[in-house]
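Student: Could we go through the charged side chains together? I would like to hear the reasoning behind each label.

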Amino acid sequence: MWQGFKTIPVQVAPPKGEPKTAIKTISEHTSAAALTNPDLYSKKTNREQYINSLGIADDEKKQALADFDKYAESAKGLKDEIENIKKDPLNPEPKLKIVDHFIQLGRTEEARKMADEIITAYPDYSPAYGYKAKTYADKGDTNMAINIINQGIEKNPADASLYYNRATTKNVAGDTEGAVKDLDISMGMTQNPHLLQKFLFYLE
């Protein structure tokens with residue numbers, strides 16, 4: 001069962017280092033800071049000071065600031081969803097949103113652990129299978145991702161979104177024929193032509 005976050009020590013300015021190393025610390029430091037003090041980097045000037053403290057080249061600062069903003073938003077989202085869980089502990093949706101935020105922050109193991117907790121508590125909750133599969137697909141393990149989606153389909157054979165997720169995953173794995181078959185199933189269930197448009201985007 002989800003027990004909440006342990007106290008994370010906050011280091012406002014991470015140690016200076018090589019540019020790529022410094023940028024990689026943004027996720028860790030931002031998520032920690034936002035969870036323990038969400039107002040710490042709420043102003044743009046504060047964020048810029050943070051980026052300047054990383055000691056990276058000027059031409060890399062713009063991308064670093066964009067990455068920081070993305071991580072800060074996800075980290076704040078984590079905090080918001082933790083409060084929503086307290087208000088409605090039996091609702092799996094806030095937990096699923098936490099999985100998504102973990103994925104955005106690159107905290108894959110925590111995302112999988114939370115997805116597993118949701119699946120254990122709510123085995124018929126289809127979205128949890130899709131998000132857990134994403135944690136593997138994003139790392140290149142499409143076989144595991146497809147296996148997880150298959151588990152979801154066994155529980156919910158009429159869920160069109162699972163077939164769509166399996167279609168996109170099969171496409172990444174190089175199984176275009178299998179992907180098209182799953183897309184046909186998904187479209188047949190929903191009668192949603194936009195699914196085809198979305199899927200063609202993955203083929204580009």
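Student: What does R107 form with E110, and how far apart are the closest N and O atoms?

Tutor: R107 and E110 form a salt bridge, with their closest N and O atoms 2.7 Å apart. The term asks for a side-chain nitrogen of Lys or Arg within 4 Å of a carboxyl oxygen of Asp or Glu, so this pair qualifies. Before we go on, please keep in mind that this is a predicted model, where local features need pLDDT of at least 70 and side-chain atom pairs count only at pLDDT 80 or more, while totals for chains, interfaces and linings use all residues. Residues are numbered from 1 along each chain as its sequence is written, and side-chain values use heavy atoms, leaving out hydrogens and water.

Student: Why is R107 called buried?

Tutor: Its relative accessibility is 15%. Buried means under 20% relative accessible area, exposed means over 50%, and partly exposed lies in between (1.4 Å probe, protein chains only), so R107 counts as buried. Its partner E110 has 34%, so E110 is partly exposed.

Student: What makes K132 and D116 a salt bridge?

Tutor: Their closest N and O atoms are 2.6 Å apart, so the pair meets the rule. It links distant parts of the chain: K132 sits in helix α6 (residues 126-137) and D116 in helix α5 (residues 108-121), 16 residues apart. Helices here are DSSP runs (H or I, at least four residues), numbered from the N terminus.

Student: Are K132 and D116 buried or partly exposed?

Tutor: K132 is at 14%, so K132 is buried. D116 is at 32%, so D116 is partly exposed.

Student: How do you know that D138 and K134 form a salt bridge?

Tutor: The closest N and O atoms of D138 and K134 are 3.2 Å apart, so they fit the definition. D138, at 48%, is partly exposed, and K134, at 33%, is partly exposed as well.

Student: Why does E81 have no salt bridge?

Tutor: The nearest side chain of opposite charge, K97, is 4.3 Å away, so the pair misses the cut-off. E81 is buried and lies in helix α3 (residues 58-87).

Student: Which side chain makes a polar contact with that of E81?

Tutor: That is N84, at 3.0 Å. A polar contact is a pair of N or O atoms within 3.5 Å; within protein, one must be able to donate a hydrogen and the other to accept it, and residues adjacent in sequence count only if both atoms are side-chain atoms.

Student: How many salt bridges are there by this rule?

Tutor: The count comes to nine. R166, K170 and D182 are linked in a network of salt bridges.

Definitions and conventions:
Helices (H or I, at least four residues) and strands (E, at least two) are DSSP runs, numbered from the N terminus. Lys and Arg count as positive and Asp and Glu as negative; His and the chain ends are not counted.
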